[in-house]
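Reader: I am new to this structure and would be grateful for a close look at one part of it. Would you please describe the surroundings of the ligand, and then the cysteines?

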Amino acid sequence: MQIFNTIKGISGFLENYRCVNPDKKVAFVPTMGFLHEGHLSLFRKAKETGDLVVVSIFVNPIQFNNKEDYEKYPVNTEKDISLAEHEGVDVCFLPGVQEIYGDQTSDLIQLRYPDLMNRLCGKTRPGHFEGVLLIVHNLFTWIKPHYAVFGCKDYQQLILIQRMTRDLHLDVEIIAMPIIREKDGLAMSSRNARLSPENRKDATVLSQSLLAIRDAWKKNPDIRVKDLKGIYEKYLGSLRVDYAGIYHPHTLDDLPEDAIVTQGLAAVAAYCGEVRLIDNMFMGGNCGG
Ligand code: AMP
């Protein structure tokens, strides 16, 4: 596996690759590292889809609205490199903050979708999605992938990236992959490493609440949104909940309380101790389509 720390290094290498191999496809997976099976599933999809797999590992400071969350974000670069290598990743982009932003991590150009960004995670994480879109846009510009693979775990992020790609006519096909979970249902996340044993036990209620909602809807597709939302309370009572709702999967609007669900996204964000976790599940349709 080739490792590059500079934009010039990786973009030069890939320019040459595309020139020498005009028919080959580059598949890209952006990550913030501390890799787990969720990330590895994206690497495998990239390997299946493209000829050259490029992975980036960069903890992007401008997408953290909370300084402590950034400072405590888990890092294990050596292990990440060995996991990526083991999955057959061809190229790893591992830049430092200085390389990406120089001395400027504020007052940056912003890509915004006010409606989509002001919902769910955007409500309590000001600037988060602007930071995500800027780094993903820039990575696409430097790497020029044919395909980019993202997880449905960060569903709001995924649909924002799909919109940006479409609106800016970026020549990248976005591939969405399902959420990989621990045996007890907890969605895998790098942040899970920060959970105390007690908080780790409590964290299973996120996926349990979503499963219970989906089961209730499967059993009775005429059930009203308000009754589905009532199920959250049974599970999330002990946690500090950021949001827990049933949303339209494209607009992320709250579905009306009296509606029945033909297509809906049950999504939740809650704190287990000081760690904020997110999860989601589809009713009707799926994350990719
Ligand atoms: P992150 O390193 O958290 O920024 O995530 C990098 C990519 O991995 C994003 O596209 C995430 O949606 C995806 N991802 C994170 N956790 C999971 C998971 N449990 N299952 C599938 N994809 C995931």
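Author: A polar contact is here a pair of N or O atoms within 3.5 Å. The model is a predicted one, and the contacts below are read from it.

With that cut-off in mind, one may begin at Met 188, where a backbone N or O atom lies 2.9 Å from a nitrogen atom of the ligand. The protein buries 93% of the 480 Å² that the ligand exposes when taken alone. Met 32 also takes part through its backbone, with an N or O atom 2.9 Å from an oxygen atom of the ligand. In His 39, by contrast, the side chain is involved: an N or O atom there is 2.8 Å from an oxygen atom of the ligand.

These three residues belong to a wider shell. In total, 16 residues surround the ligand, and the closest are Met 32, His 39, Asp 154, Ile 180 and Met 188. Sorted by class, the shell comprises 9 nonpolar, 5 polar and 2 charged residues. Strand E2 (26–31), helix H2 (37–49) and strand E5 (147–151) each contribute at least two residues to this shell. Helix H2 gives the largest share, with 3 residues.

The cysteines form the second part of the picture. A disulfide is a covalent bond between the sulfur atoms of two cysteines. The cut-off applied is a sulfur pair within 2.5 Å, and the count by this rule comes to 1 disulfide. It joins Cys 152 to Cys 287, whose sulfur atoms are 1.8 Å apart. The link of Cys 152 and Cys 287 is left-handed, with -95° about the S-S bond. Distant parts of the chain are linked in this way: Cys 152 is in the loop between E5 and helix H9 (155–167), whereas Cys 287 is in the segment after strand E9 (275–283), and the two are 135 residues apart. Both Cys 152 and Cys 287 are buried.

Cys 121, however, is in no disulfide, and the nearest cysteine sulfur, that of Cys 287, is 14 Å away. Cys 121 is itself buried, with a relative accessible area of 7%. Cys 272 has no bonding partner either, because its sulfur is 14 Å from the closest cysteine sulfur, in Cys 121, which is too far for a bond. Cys 272 is likewise buried, with a relative accessible area of 1%.

Note on methods
Residues are numbered from 1 along each chain as its sequence is written. This is a predicted model: local features need pLDDT of at least 70, side-chain atom pairs count only at pLDDT 80 or more; totals for chains, interfaces and linings use all residues. Side-chain values use heavy atoms; hydrogens and water are left out. A residue is near a molecule or strand if one of its heavy atoms lies within 4 Å of it. A polar contact is a pair of N or O atoms within 3.5 Å; within protein, one must be able to donate a hydrogen and the other to accept it, and residues adjacent in sequence count only if both atoms are side-chain atoms. Accessible areas come from the Shrake-Rupley method with a 1.4 Å probe; for residues, only the protein chains shown count as cover. Helices (H or I, at least four residues) and strands (E, at least two) are DSSP runs, numbered from the N terminus. Ala, Val, Leu, Ile, Met, Phe, Trp, Tyr, Cys and Pro count as nonpolar, Asp, Glu, Lys and Arg as charged, and the others, Gly among them, as polar. Buried means under 20% relative accessible area, exposed over 50%, partly exposed in between (1.4 Å probe, protein chains only).
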